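Here is a small set of exercises to work through with the structure open beside you. Try each task on your own before you read its solution.

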Amino acid sequence: MISPVQHLRTGRPQADTEEEEDKIILQQSSTIISTTNMQTVSLLFCIMIAVATADDAAAPSCRSRWFSVDGRCFQYVPRALSWSDAERNCQSLNAHLASVHSMKEYIAIQTYINTLTLSNPEAWLGGTDCQEKDTWLWTDGSDFSALNWCPGNPEDLVPSQSCLQMNSKEANCWADQLCNFTRPSVCAYSL
């Protein structure tokens with residue numbers, strides 16, 4: 001049994017019997033365990049939040065007003081420019097005229113533009129064969145895949161038809177076009 005003097009020294013409640021003393025000790029132990037469990041749960045919760053935040057911060061995302069498709073960011077530029085001016089404009093945004101590597105990307109670009117404009121305007125993409133006729137390249141240096149040429153294209157009726165436009169004709173397909181024509185454009189960069 002704890003004497004009143006011991007009670008004052010320990011700061012613990014005074015018990016009249018050993019049984020009461022055991023109950024008090026048991027209550028104090030469960031309070032300590034309960035407090036420890038709460039602290040552990042709180043600590044684990046904080047760690048989970050920190051990890052989730054770090055993952056979000058570490059995951060790259062597109063800059064404002066750009067949209068993402070398969071790890072690349074795209075932006076529609078409605079201002080009509082020649083193909084070379086459109087490429088320079090994209091470069092000023094740390095990007096290039098868009099290369100397109102799958103129908104999924106092409107459809108996503110078309111859908112995005114249609115959402116903004118409520119139409120399917122012809123627009124420049126980053127394809128060109130200006131360095132060597134019939135050897136199409138993307139301005140970003142990626143491999144060129146001829147995904148969606150309109151029938152009969154590229155046609156090269158005029159020697160300077162060396163620039164790729166999207167949304168040509170009723171099929172909204174690709175066509176080679178005179179590079180000095182002015183069109184809106186699509187810029188892209190990789191995350």
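**Exercise 1. Find the cysteines that C90 and C187 are bonded to, and say where the two residues lie.**

Step 1. A disulfide joins C90 to C187, with the sulfur atoms 1.9 Å apart; a disulfide here is a pair of cysteine sulfur atoms within 2.5 Å.

Step 2. C90 is in helix 3 (residues 83-92) and C187 in strand 8 (residues 183-190), so the bond ties together parts that are 97 residues apart in sequence. Helices (H or I, at least four residues) and strands (E, at least two) are DSSP runs, numbered from the N terminus.

Step 3. The torsion about the S-S bond is about -80°, so this disulfide is left-handed.

Step 4. C90 has 0% relative accessibility and counts as buried, and C187, at 0%, counts as buried too. Buried means under 20% relative accessible area, exposed over 50%, and partly exposed in between (1.4 Å probe, protein chains only).

A word on the model before you go on: it is predicted, local features need pLDDT of at least 70, side-chain atom pairs count only at pLDDT 80 or more, and totals for chains, interfaces and linings use all residues. Residues are numbered from 1 along each chain as its sequence is written, and side-chain values use heavy atoms, with hydrogens and water left out.

**Exercise 2. Place the other disulfides, and decide what C130 does.**

Step 1. The whole structure holds four disulfides. One of them joins C62 to C73, at an S to S distance of 2.0 Å.

Step 2. C62 lies in the loop between helix 2 (18-58) and strand 1 (67-69), while C73 is in strand 2 (residues 72-81), so the pair ties together parts eleven residues apart in sequence. Both C62 and C73 are buried.

Step 3. C163 and C179 form another disulfide, their sulfur atoms 1.9 Å apart. C163 is in strand 6 (residues 161-168) and C179 in the loop between strand 7 (173-178) and strand 8, 16 residues apart.

Step 4. Compare the twist: about the S-S bond, the link of C62 and C73 has -90° and is left-handed, whereas that of C163 and C179 has about 100°, so it is right-handed.

Step 5. Now take C130. Its sulfur is 6.4 Å from the closest cysteine sulfur, in C163, too far for a bond. C130 counts as exposed, at 54% relative accessibility.

Step 6. Number the bonded cysteines in sequence order, and the pairing reads 1-2, 3-8, 4-6, 5-7.

**Exercise 3. Which strands pair with strand 6, and in which direction do they run?**

Step 1. Strand 4 (residues 123-128) is joined to strand 6 by three bridges, and the two run antiparallel. Two strands pair if DSSP finds at least two bridges between them.

Step 2. Within strand 6, C163 stands opposite T128.

Step 3. Strand 7 also runs antiparallel to strand 6, with five bridges between them. One bridge pair is Q161 and L178.

Step 4. Look at the turn: strands 6 and 7 form a hairpin with four residues between them, where K169 has a positive phi of about 55°.

Step 5. Finally, check the cover: eight of the eight residues of strand 6 are buried.

**Exercise 4. Trace salt bridges that involve D70, R183 and K133.**

Step 1. D70 forms a salt bridge with K104, the closest N and O atoms being 3.0 Å apart. The term stands for a side-chain nitrogen of Lys or Arg within 4 Å of a carboxyl oxygen of Asp or Glu.

Step 2. D70 lies in the loop between strand 1 and strand 2 and K104 in helix 4, so the pair ties together parts 34 residues apart in sequence. D70 is exposed at 51% relative accessibility, and K104 is exposed at 53%.

Step 3. R183 forms a salt bridge with E122, with 3.3 Å between the closest N and O atoms. Here R183 is buried, with a relative accessible area of 11%, but E122 is partly exposed at 31%.

Step 4. K133 pairs with D129, the closest N and O atoms being 3.5 Å apart. K133 is partly exposed at 36%, whereas D129 is buried at 1%.
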